[in-house]
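Trainee: I should like a close look at a single part of this model, namely the cysteines and their bonding. Please set them in the context of the strands around them.

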Amino acid sequence: MIGAVFGGLVVELINSAIPGNAAVAQPQAYALAFQAAWAAACKVEASTVLVPLDYMFLVGPISFSGPYCKPNIVFQLDGTIIAPAGFKVWGSGFYQWLLFTKLSGITVQGGGVIDGRGSIWWKELPLDDPIDDETKMLIPKTNISIDENSLTPVNSQLNGKMPGIKPTALRFYGSFNVTVTGIKIINSPQCHLKFDNCDGVNVFDMSVSSPGDSLNTDGIHLQNSRDVLIRGTNLACGDDCISIQTGSSNVYIHDVTCGPGHGISIGGLGKDNTKACVSNITVRNIMMHNTMNGVRIKTWQGGSGSVENVLFSNIQVSEVEFPIVIDQFYCDKMTCKNQTSAVFLSGITYERIRGTYTVKPVHFACSDSLPCMDVSLTSIQLKPLQERYHLYDPFCWQTFGELHTPTIPPIDCLRIGKPASNKIQSNHDSC
C-alpha cells in the first residue's frame, strides 16, 4: 500500500505492492501510484505520504513537485524504492531519479532504502566522464594513453545501451526547510543526495553506501544552497563524501564518518571561466578511513569569485592518501589550459587534524596570480602509515598564512604573512 495520511487518516491509493522481489512489476504502474498519493497529499498541509515497511516498489524517474503544494509534507519511507535496470525506462537520460522540487517544509524520513541499482551504469567508463585523479599532485605523467576501444557503452541487463546522462538518486531543487533523516541511499548511478537552490537544509542520522570504485557517486552534493546542517551521517561512496559547490554558504558539517570515498571537498570551482562564491563553511568532528583525500579545496584555473571563512576542525584520518589539500590547478582531464585568473581563497583554518596518511600529508598548490591568504594551521599531526617507506613531504606553492603550533611533519613551506596587497586587490573579483 502506498497511502496519503491526513491527521492520522490513511487514504489507500494502491493495494498491489509486492513483498519481496518487486522486479516483476512495471515501474510505470508504481510511478502512477506514487503520483496519485503525492497529488492527494499536496492538497493538505502537514500530510504524509507513506511507503510501507516490508514492501519494494520499482519506480522509474518521478517528480514530486510544487510550488502549489501545501507546506510541511512528510514522505515517510519505511519500505524500499528501487530503480529500474532496463534502458527503455531511462530514454535519453535523466539528471535525477527521485526529484522533490519547489516545496516548503518537505521531510523525507524513515528507516527505508532508496536503491539506485547503479552497478549497471558503472560497468564501463564513458569517454566524457571526468576523472578525479590526485596522482597529478605528485609527478607529472607523460606518455599516457587511453585505449578508447576499452571504453565501451554501458549496457543494461536487457542488452540495451544505457544513456550517457547518469541520474542522481534523490535530488531537492528550489525548496525551503528540507529535512532528510533515517533513510539509507545505496548504489546511486551518480550522486546519491543532491541539494540545488535550497534554503534551510537539515540532514542527519542517515547513510549512503556504494563501492569505492563507483565513478562520480558523491554522497551529498550541495550547490547554491544556504543554511545547511549535516550531522550524524555515515557516507561511503566512490567520490566526495560531501561536495560543496558554488553558491553554498553557512554550511555546518559535524560528526560524519567518511570512507571509502574522496573525502570532503569544496569544489571544483570556476570551471569554464565561471564565477564561484563559497563562504562560511565549518567541518568538524569527522572520521575518515581509506579515502583519497581528507579535507580538500579544489578550483579550476580561469575562474573567479572567492572561497572565504572555512574551518576544518578535529578531523581524524586513517589511511588517507592526501589528508589536507588545496589545489587551484584542478583538472579532471588529461590536460587543461594554463590561465591566470583564479578563484580567490582566504581565511582557511585547519586545526586538530590527526592520523595516518599513505602518500602526502599536505598539498597546498595556490594560484600564481592570486595566492592563498590567511591559511592557518594548528595542532596538525599526520604520520605515514608505514614509516619505513619514504613518502612525499608537505608541499606549498604561493600559500601565505601562519603556523600557530609546531606540526608533524614540519610544514616549512608555508609562507608567513601576506603577499603584496596591490596584487590581490587588482586581481580579486569579489563575490
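Mentor: What follows treats the sheet, then the disulfides, and then the cysteines with further accessibility values. The model is a predicted one, and what I describe is computed from its atoms.

The sheet gives the frame. It is open and has 11 strands in the order E5-E8-E11-E14-E17-E20-E22-E24-E26-E28-E30, with parallel pairing. Strand E5 (62–65) and strand E30 stand at its edges; each has a single partner strand, so one side of each is left without a neighbour in the sheet. On average, and with direction ignored, neighbouring strands are turned by 15° against each other. As one example of the pairing, strand E8 (residues 96–101) and strand E11 (residues 168–173) run in the parallel sense over five bridges. Phe100 has Phe172 in E11 as its bridge partner.

The edge strand E30 is a good place to turn to the cysteines. A disulfide joins Cys396 to Cys413, with an S to S distance of 2.0 Å. The torsion about this S-S bond is 45°, and the link is right-handed. The bond ties distant parts of the chain together: Cys396 lies in strand E30, while Cys413 lies in the loop between strand E31 (399–403) and strand E32 (415–416), 17 residues apart. Cys396 counts as buried because its relative accessibility is 11%, under the 20% cut-off. Cys413, at 25%, is partly exposed.

Strand E30 (residues 395–397) also holds Phe395, which is partly exposed with a relative accessible area of 32%. Together with Phe329 and Trp397, Phe395 makes a nonpolar surface patch of about 270 Å².

A second disulfide joins Cys331 to Cys336, S to S 1.9 Å. With 80° about the S-S bond, the link of Cys331 and Cys336 is right-handed. Its two ends fall into separate accessibility classes: Cys331 is buried at 9%, whereas Cys336 is partly exposed at 32%.

A further disulfide joins Cys277 to Cys431, S to S 2.0 Å. The torsion about the S-S bond of Cys277 and Cys431 is about -100°, so this disulfide is left-handed. The pair links distant parts of the chain, 154 residues apart, with Cys277 in strand E23 (residues 275–289) and Cys431 in the segment after helix H4 (421–427). Cys277 is partly exposed, with a relative accessibility of 24%, and Cys431 is exposed, with a relative accessible area of 53%.

These bonds belong to a set of six disulfides found in a search of the whole structure. When the bonded cysteines of the protein chain are numbered in sequence order, the pairing reads 1-2, 3-4, 5-12, 6-7, 8-9, 10-11.

Two other cysteines deserve mention. The cysteine sulfur closest to that of Cys191 is in Cys237, at 9.1 Å, which is too far for a bond; the cut-off for a disulfide is a pair of sulfur atoms within 2.5 Å. Cys191 is buried, with a relative accessible area of 5%. Cys198 is buried as well, with a relative accessible area of 0%.

Key
Residues are numbered from 1 along each chain as its sequence is written. This is a predicted model: local features need pLDDT of at least 70, side-chain atom pairs count only at pLDDT 80 or more; totals for chains, interfaces and linings use all residues. Side-chain values use heavy atoms; hydrogens and water are left out. Patches are made of residues with over 30% relative accessible area and no salt bridge: like charges are joined within 9 Å, nonpolar side chains (Val, Leu, Ile, Met, Phe, Trp, Tyr) within 5 Å. Accessible areas come from the Shrake-Rupley method with a 1.4 Å probe; for residues, only the protein chains shown count as cover. A salt bridge is a side-chain nitrogen of Lys or Arg within 4 Å of a carboxyl oxygen of Asp or Glu. Helices (H or I, at least four residues) and strands (E, at least two) are DSSP runs, numbered from the N terminus. Buried means under 20% relative accessible area, exposed over 50%, partly exposed in between (1.4 Å probe, protein chains only). Two strands pair if DSSP finds at least two bridges between them. Axes are lines fitted to C-alpha atoms, for helices over the stretch in contact, and angles run from 0 to 180 degrees between N-to-C directions.
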